[in-house]
Amino acid sequence: MAATNDLRARLATPKDSPAIARIYNEGIEDRVATFETRLRTEEDIRAWFDGVHPVVVVEQGDQVVGFGATSSYRSRDCYAGVAEVSVYVARPARRGGDGRVVLQALLQEAEKTRFWKLVSRVFVDNQPSRRLIASMGFREVGIYEKHGRLDGVWRDVLIVERLIAANLR
């Protein structure tokens, strides 16, 4: 798994649920990356560990400072190799390269898991996320207009995808 300077990426375990919930809840509270408004509990996060969709964390020292998670795209069998992807970084660690380490590690795990495509939706005005995913080979597919409301305001989202070439053979 990836290591950069004093950052270390690894597969997450259910024991990481408190740290993941803390970081995800910061993202929910900040209203810049998700339509979610309900804060998540450790129990909510533990449910992500389904044995199919990898979850990774990045640590700085002994502190989890970011995570990336894959989740089900659609329930139809023909989409079994496609996963949704999300990356979140703790507030103090943002814009320091931690997101790149998270996403690199998640891409490695997705390849090992035999996913052939990762997809996501990003708020169109979330420029840091857009720069990161573009630099990591994600392609902008289009925009869903008025995809959802956040705090009563309609928001557009950018649809992105990344093929995992090794798994397309």
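How many of the ten residues of β4 are buried, and what does that say about the enclosure of the strand by the rest of the structure? The points below take up that question and then move outward through the model, which is a predicted one.

1. Strand β4. Seven of the ten residues of β4 are buried, so the strand is largely enclosed by the rest of the structure. On one side of the pairing scheme, β3 and β4 run antiparallel and are joined by six bridges, with V55 having A69 in β4 as its bridge partner. β4 also pairs in the antiparallel sense with β5, over seven bridges, and in that pairing S72 stands opposite A83 in β5.

2. The turn between β3 and β4. These two strands form a hairpin with two residues between them, and G61, which sits in the turn, has a positive phi of about 65°.

3. Helix α1, length. The helix covers residues 17-30, and at 1.5 Å a residue its 14 residues should span 20 Å; because its end C-alpha atoms are in fact 20 Å apart, the model agrees with that expectation. Just after the helix, R31 takes a positive phi of about 60°.

4. Helix α1, burial. Ten of the 14 residues of α1 are buried, so this helix, too, is largely enclosed by the rest of the structure. The buried residues are S17, A19, I20, A21, I23, Y24, N25, E26, G27 and I28, a list in which N25 and E26 appear alongside I20 and I23. What covers them includes α2 (42-46), β3 (55-60), β4 (63-72) and β5 (82-89), and β4 thus enters the picture again as part of the cover of α1.

5. E29. This residue belongs to helix α1, but it is not among the residues listed as buried there; E29 is partly exposed, with a relative accessible area of 43%, which lies between the 20% and 50% cut-offs. Leaving aside residues up to four places away in sequence, E29 touches L39 and R91. E29 and K112 are 83 residues apart in sequence, and their C-alpha atoms are 33 Å apart in space.

6. Helix α3. With 15 residues, α3 reaches 21 Å from its first C-alpha to its last, close to the 21 Å expected at 1.5 Å a residue. Its buried residues are D98, G99, V101, V102, L103, A105, L106, L107, E109 and A110. The helix is followed by R114, whose phi is positive, near 75°.

7. Two loop residues with positive phi. R95 lies in the loop between β5 and α3 and has a positive phi of about 65° although it is not a glycine; R95 is exposed, with a relative accessible area of 71%. D151, in the loop between β7 and β8, likewise has a positive phi, of about 55°, without being a glycine, and D151 is exposed, with a relative accessible area of 54%.

8. The largest pocket. About 1300 Å³ of space lies in this pocket, and its lining is made up of 47 residues, of which A33, S86, V87, Y88 and S129 lie nearest the centre. At least two residues of the lining come from each of α1, β4, β5, α3 (98-112), β6 (117-123), α4 (127-135) and β8 (153-163), a list that includes both of the helices discussed above as well as β4. By class, the lining has 21 nonpolar, 14 polar and twelve charged residues.

9. The second largest pocket. This pocket has a volume of about 170 Å³ and is lined by Y73, R74, V82, E84, K117, V119, R121, Y144, H147 and I159. The elements that give two or more residues to this lining are β5, β6 and β7 (139-150), and the largest share, three residues, comes from β6. By class, the lining has five nonpolar, one polar and four charged residues.

10. Elements that recur. β5 pairs with β4, is part of what covers the buried residues of α1, and supplies residues to the lining of the largest pocket and of the second largest pocket. β6 likewise contributes to the lining of the largest pocket and of the second largest pocket.

Notes. Residues numbered from 1 in each chain as written. Predicted model: local features only at pLDDT ≥ 70, side-chain atom pairs only at ≥ 80, totals over all residues. Heavy atoms only, no water. Helix = DSSP H or I, 4+ residues; strand = E, 2+ residues; numbered from the N terminus. Expected span 1.5 Å × (residues − 1). Buried < 20%, exposed > 50% of the residue type's maximum accessible area, 1.4 Å probe, protein only. Contact = heavy atoms within 4.5 Å. 1 Å grid on protein atoms, 1.4 Å probe; cavity = no way out; pocket = protein on both sides within 12 Å on 5 of 7 lines; lining within 4 Å. Points joined across faces, edges and corners; volume = space filled by probe spheres on them. Nonpolar A, V, L, I, M, F, W, Y, C, P; charged D, E, K, R; others polar. Pairing = 2+ DSSP bridges.
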